[in-house]
Amino acid sequence: MRVLLVEDDEMIGQSLREALTRQGWSVDWVKDGLLAQSALADGGYACVLLDLGLPQRDGVEVLRRARAAGETTPVLVLTARDGLDDRVDGLDLGADDYLVKPYELRELLARMRAVIRRRDGAAQSLIGEEGVLQLDLGTREVLVGGVRSQLSAREFALLHALMERSGAILSREQLENRIYGWGEEVSSNAVDVLIHGMRRKLGPDTIRNVRGLGWRVVAPSP
């Protein structure tokens, strides 16, 4: 899945981007508040990792404007500002969680998964129809009829995009935006190849092509 990383410190940003990429995330990294606001407006992110002390526009103002505009993407604030008032102000402005630097990568990943689950309205890590087709956000596995299969990072991102809007048709561009980060080279048939492989795990009719429009998920019969 794609994450927007907003961090002006070169060393922290580079290190975090590399760590998240190794975990299967597609990372778009911007270094000031104006670029962050523009990237958020473009959409397509599973969550945002937002530093507060940014050039051009402070992270607090980025968050305030995003929420005022109706932006609902989960925002996890990452900052050295560890005062109680700072944490309360960030949460009151619409942050979904708040993590003080320095932090452990394992905790960051767990909090990212948690805010995404809450966004999806799932108290548990499973989304979908029990006993039919479900996606485990914690383990990145798919369950078909209760049987688990492991997904690659990009298979998981693609299926999550389709299942969070179950029944809706997503275009090739929409799926590519969810799977790949800025600057990644995307072949013209990348989505087709992913879906071809996933149909072997899910069944041939689970991800259906709507000619000229895109793809949608149809849960297999129980």
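**An internal cavity, helix H5 and the E7–E9 strands**

One cavity of 30 Å³ or more is counted in the structure, which is a predicted model. The space in the largest cavity is about 70 Å³. Its lining consists of Met1, Trp25, Arg113, Ile116, Leu137, Arg140 and Phe156. Sorted by class, five of these lining residues are nonpolar and two are charged, while no polar residue takes part.

Two of the lining residues, Arg113 and Ile116, fall within helix H5, which spans residues 105–119. This helix has 15 residues, and the distance from its first C-alpha to its last is 21 Å, close to the 21 Å expected at 1.5 Å a residue. Its buried residues are Leu108, Leu109, Met112, Ala114, Val115, Ile116 and Arg117. Ile116 is thus listed both among the buried residues of H5 and in the lining of the largest cavity. The cover over the buried residues of H5 includes elements from several parts of the chain: strands E1 (2–6), E3 (47–50), E4 (75–79) and E5 (97–100), together with helices H1 (10–22) and H6 (153–163).

Ahead of H5, the loop between E5 and H5 contains proline 102. The peptide bond that joins lysine 101 to proline 102 is cis, with omega at about -5°. Most peptide bonds, by contrast, are trans.

Strands E7, E8 and E9 are linked by antiparallel pairing. Strand E7 (residues 133–136) pairs with strand E8 (residues 141–144) over four bridges; within this pairing, glutamine 134 has leucine 143 of E8 as its bridge partner. The two strands form a hairpin with four residues between them. Arginine 140, in the turn of this hairpin, has a positive phi of about 60°, and arginine 140 is also one of the residues lining the largest cavity. On the other pairing of E8, four bridges join it in the antiparallel sense to strand E9 (residues 147–150). Here leucine 143 is bridged to arginine 148 of E9, so that leucine 143 has a partner in each of the two pairings. E8 and E9 likewise form a hairpin, with two residues between them, and glycine 145 in the turn has a positive phi of about 60°.

A further positive phi, near 70°, is found at glutamine 56, a residue other than glycine. Most residues other than glycine have a negative phi. Glutamine 56 is located in the loop between E3 and helix H3 (59–68). Glutamine 56 counts as exposed because its relative accessibility is 60%, where the cut-off for exposed is over 50%.

Terms used: Residues are numbered from 1 along each chain as its sequence is written. This is a predicted model: local features need pLDDT of at least 70, side-chain atom pairs count only at pLDDT 80 or more; totals for chains, interfaces and linings use all residues. Side-chain values use heavy atoms; hydrogens and water are left out. On a 1 Å grid over the protein atoms alone, a cavity is a set of points where a 1.4 Å probe fits but cannot get out, and a pocket is an open set with protein on both sides within 12 Å along at least five of seven lines; lining residues have an atom within 4 Å of a point. Grid points are joined across faces, edges and corners, and a volume is the space filled by probe spheres set on the points. Ala, Val, Leu, Ile, Met, Phe, Trp, Tyr, Cys and Pro count as nonpolar, Asp, Glu, Lys and Arg as charged, and the others, Gly among them, as polar. The expected span of a helix is 1.5 Å times one less than its number of residues. Buried means under 20% relative accessible area, exposed over 50%, partly exposed in between (1.4 Å probe, protein chains only). Contact means heavy atoms within 4.5 Å.
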